[in-house]
Amino acid sequence: MRERHSTQHRRRTREFESYVAGAGGRLLHAATLLTAEPPDDNPRARRLLTAALAETYARWHRLRGEDPYDRTRQELAARFARAAWRYHRPLLPGRSRPPAEDGLLARLTPQERLILVLRLYEGVAEEQTAALVGLPVDRVRAICTRAIATMRSTPPAPPASAAPATGVAT
């Protein structure tokens, strides 16, 4: 009995490792977009993804035909939404980090990032996105439209105090 359990555990582990090898990069990119961190410095995104993958692994034997990628994406989105109050974005003038350190979607609020990532990057339908974030479909559509408009607009100019020194001594 013990040998059978051990064999099942090894097979489950191999299946999960194979899944992570195939889907991990895309999921990490989605988590990085959500946290608005730069791709090469994304500790919050990595923690978020690790927690979502741990939950998927814990439920791996119970998926039974359910898409593990979809399950992990749902867990990732839910964990981000629950913790979104921690991500004080977008940073306004007087910010503590220089603009070069911000990620691609740093100008958006956490809710806008979540909806934009689900709708455009992940290709999740409006109805599914609305159900996942707990909003009406019309509200999801409006938030997505606003987020797209924000991303298409010219970014705000840095504050005068953040202007580089000219090297002229006074």
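**Exercise 1.** Which residues touch the most other members of the largest nonpolar core?

*Solution.* Start with the ground rules. This is a predicted model, where local features need pLDDT of at least 70, side-chain atom pairs count only at pLDDT 80 or more, and totals for chains, interfaces and linings use all residues. Residues are numbered from 1 along each chain as its sequence is written, and side-chain values use heavy atoms, with hydrogens and water left out.

Next, the term. A nonpolar core is a set of buried Ala, Val, Leu, Ile, Met, Phe, Trp, Tyr and Cys residues joined through side-chain atoms within 4.5 Å. Buried means under 20% relative accessible area, exposed over 50%, partly exposed in between (1.4 Å probe, protein chains only).

Now the result. The core has 34 residues, and Tyr19, Leu27, Leu49 and Leu76 touch the most other members. Helices H1, H2, H3, H4 and H6 each give two or more residues. H1 gives the most, with nine. Helices here are DSSP runs (H or I, at least four residues), numbered from the N terminus.

**Exercise 2.** Find the salt-bridge partners of Arg73, then place them in a network.

*Solution.* Apply the rule: a side-chain nitrogen of Lys or Arg within 4 Å of a carboxyl oxygen of Asp or Glu. Asp70 pairs with Arg73, with closest N and O atoms 2.7 Å apart. Both lie in helix H3, three residues apart, so about one helical turn separates them. Arg73 also pairs with Glu122, at 3.0 Å. Glu122 sits in the loop between H4 and helix H5, 49 residues from Arg73. Glu122 is buried because its relative accessible area is 10%. Finally, shared partners join Arg26, Asp70, Arg73 and Glu122 into one network.
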